[in-house]
Amino acid sequence: MFSQRGYKFLLKDKGRFIHYLILKCSKQYMMDLRILIGLCFFGLIGCGSSPENKRSEEVADSVIAEAAEVETASMLDFPVYDFDAITTLLNKKNDTTYIVNFWATWCKPCVEELPNFEKTFAEQKNNKVELILVSLDMRSMWQKRLVPFVEKNDLKGSVVILDDPKMNEWIPKVDQQWSGGIPATLIYNSSKRSFFEQSMTYEELNLELRKFIN
Amino acid sequence: MKIFKTLTLFSVVFFLAALTTNPDVAEGYAIGDNATDFSLKNIDGKMVSLSDYETAKGFLIIFTCNTCPYAVAYEDRIIALHDKYAANGVPVIAINPNNPSVKPGDSFDEMKKRASEKGFAFPYLFDEDQTVFPKYGATRTPHVFLLEKTEKGNTVRYIGAIDDNYQDASQVEDKYVENAVDAMLAGKDIEVTTTRAIGCSIKV
């Protein structure tokens with residue numbers, strides 16, 4: 001699923017060169033290109049010696065690097081969703097309570113509150129609590145900032161990327177009251193939901209979470 | 001059964017009442033309110049007020065900054081809005097609401113640099129005391145308030161995002177601000193008067 005989406009994204013928005021290629025290519029040709037990029041990518045992994053960041057720095061402008069960037073994200077389990085696709089994550093009906101935090105690496109208060117969420121998740125995951133960290137980082141930041149950030153901070157929550165510019169359409173679908181500020185957090189289970197357009201301390205988060213799990 | 005029906009009816013009424021009376025707790029302007037004037041320092045050191053613009057028909061007050069990735073993504077479009085509408089009497093007035101001690105990249109000196117790099121032809125004001133953005137109810141950057149100069153004052157006509165695609169100006173389908181200004185200048189009703197967008201929270 002990801003690689004499909006990632007590939008589309010690669011075709012649609014990355015460098016003009018690719019765009020040009022796509023315009024010129026027949027379907028068969030596109031398939032060949034895909035295989036070629038895939039092979040190049042596996043070739044890169046095969047080396048396995050150069051550190052990831054260094055690798056993307058070194059070849060940042062080449063087609064191979066673009067493919068590698070996208071695929072590396074997939075290896076790190078960051079699914080990329082548009083809002084329609086992420087809707088199921090916001091509406092699961094089971095016995096689990098979901099904490100869905102909307103954040104971005106460029107958002108200072110988001111980054112500051114993340115440890116509260118990670119700590120709470122570590123303590124509560126045996127109580128059927130899941131943490132979903134919905135990154136709103138921009139495409140240009142996925143590889144440069146998001147991936148290193150998640151690695152460095154060893155985030156245990158499930159990081160997903162919400163990549164959907166039609167904000168005015170999807171923001172109210174998360175919560176009618178949301179003006180669009182982040183950090184913002186949705187806590188929900190099969191019977192109720194609460195939404196907070198604010199930073200949350202460890203105490204605030206636990207106070208709200210207890211209303212769901214007790 | 002009748003009791004049940006009555007109870008249901010009551011609960012529906014209460015529920016609706018709760019919905020409709022839910023107060024707009026956020027401070028700031030709603031569409032149709034009159035916006036306050038201000039006197040804020042421009043990057044050239046001079047103070048700027050709305051009342052300085054005697055012939056203006058309205059204003060695009062845009063709370064923005066140097067550092068927010070969304071604000072940066074919209075910089076060129078803000079410049080284009082000014083180019084397009086200043087001559088029609090609706091200039092852009094950009095205001096940086098951020099506290100530079102929290103966000104050093106948004107200091108007055110950095111504002112000057114950014115404005116000269118990008119060649120801002122509009123004022124780029126510093127809300128140094130952070131008193132103006134709360135009155136407007138700006139919560140993020142960039143956040144646009146379209147004002148129309150009327151006999152009663154500067155009336156708020158549109159609040160929200162510039163358009164519906166921050167990522168790519170060429171993929172924009174709804175130019176919210178342009179549509180609003182065009183309708184306002186034509187004396188028509190503005191179709192979409194408020195929009196939401198993810199933005200960077202204002203640093204206080």
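Start by selecting B:Gly119. This glycine comes just after helix α3 of chain B and has a positive phi of about 65°. The model you have open is predicted, so keep its confidence scores in view as you go along.

**Helix α3 of chain B**

Step back from the glycine and select residues 108–118 of chain B, which make up α3. Which residues of this helix are buried? They are B:Met111, B:Arg114 and B:Ala115. Look along the axis: these residues span an arc of only 100°, so they sit on the same side of α3(B). Now turn to the other side of α3(B), where B:Asp109, B:Ser116 and B:Glu117 are exposed.

What do the buried residues of α3(B) pack against? Select β5 (92–96) and β6 (124–126) of chain B, the two strands that they meet.

**Further along chain B**

Go on to B:Gln130, in the loop between β6 and α4 (132–136) of chain B. B:Gln130 is not a glycine, yet its phi is positive, at about 55°. It has 14 other C-beta atoms within 10 Å and is therefore partly exposed.

Next, select B:Thr141 and B:Pro142. The peptide bond that joins them is cis, with omega about -10°. B:Pro142 belongs to the loop between β7 (140–141) and β8 (143–150) of chain B.

Now show the whole of chain B. Its secondary structure amounts to five helices and ten strands, and 40% of its 204 residues count as buried. Take the contacts in chain B between residues at least 6 apart in sequence: 72% of them join residues at least 24 apart.

Colour chain B by pLDDT. The mean is 90, with 87% of the residues at 70 or more. Residues 15–25 of chain B are a stretch where pLDDT stays under 50, and the model gives them one contact beyond four places in sequence.

**Where the chains meet**

Show both chains together. How many residues does each chain bring to the contact? Chain A supplies 16 residues and chain B supplies 15 residues. On the side of chain B that touches chain A, six residues are nonpolar, six are polar and three are charged. For the model, ipTM is 0.72 and pTM is 0.72.

**The sheet of chain A**

Hide chain B and pick out the six strands of chain A that form an open sheet. Their order is β1-β4-β3-β2-β5-β6, with mixed pairing. Why do β1 (80–81) and β6 (193–196) of chain A each have one side without a neighbour in the sheet? Both stand at the edges and each has a single partner strand, so nothing in the sheet lies alongside the remaining side.

Strands of a sheet pair through backbone hydrogen bonds, in a parallel or an antiparallel sense. For an antiparallel case, select β5 (residues 184–188) of chain A together with β6(A), which pair over four bridges. A:Ile187 has A:Ser194 in β6(A) as its bridge partner. The two strands are joined by a hairpin of four residues.

Then add β2 (residues 97–103) of chain A, which pairs with β5(A) in the antiparallel sense over five bridges. Here A:Phe102 has A:Ala184 in β5(A) as its bridge partner.

**Stops around chain A**

Select A:Ile182 and A:Pro183. The peptide bond from A:Ile182 to A:Pro183 is cis, with omega near 10°. A:Pro183 is in the loop between α9 (167–174) and β5 of chain A.

Move to A:Lys128, in the loop between α7 (108–124) and β3 (129–135) of chain A. A:Lys128 has a positive phi near 55° and is not a glycine. With 14 other C-beta atoms within 10 Å, A:Lys128 is partly exposed.

Now select A:Asn206 in helix α10 (residues 202–213) of chain A. A:Asn206 is partly exposed, because 16 C-beta neighbours lie inside 10 Å. Add A:Asn116: it is 90 residues from A:Asn206 in sequence, while their C-alpha atoms are 9.3 Å apart in space.

**Confidence in chain A**

Finish by colouring chain A by pLDDT. Its mean is 74, and 64% of its residues reach 70 or more. Over residues 1–74 of chain A the pLDDT is below 50, and this stretch has 56 contacts in the model beyond near neighbours in sequence. Which elements of chain A have the lowest and the highest mean pLDDT? Helix α4 (residues 52–58) of chain A has the lowest, at 30, and β2(A) the highest, at 98.

Notes. Residues are numbered from 1 along each chain as its sequence is written. Chains are lettered from A and ligands numbered from 1 in the order in which they are written. This is a predicted model: local features need pLDDT of at least 70, side-chain atom pairs count only at pLDDT 80 or more; totals for chains, interfaces and linings use all residues. Two residues are in contact if their C-beta atoms, placed from the backbone, lie within 7 Å. Ala, Val, Leu, Ile, Met, Phe, Trp, Tyr, Cys and Pro count as nonpolar, Asp, Glu, Lys and Arg as charged, and the others, Gly among them, as polar. A residue is buried if 20 or more other C-beta atoms lie within 10 Å of its own, exposed if 12 or fewer, and partly exposed in between; C-beta atoms are placed from the backbone. The arc is that of the directions from the helix axis to the C-beta atoms. Two strands pair if DSSP finds at least two bridges between them. pLDDT is the predictor's confidence in each residue, from 0 to 100.
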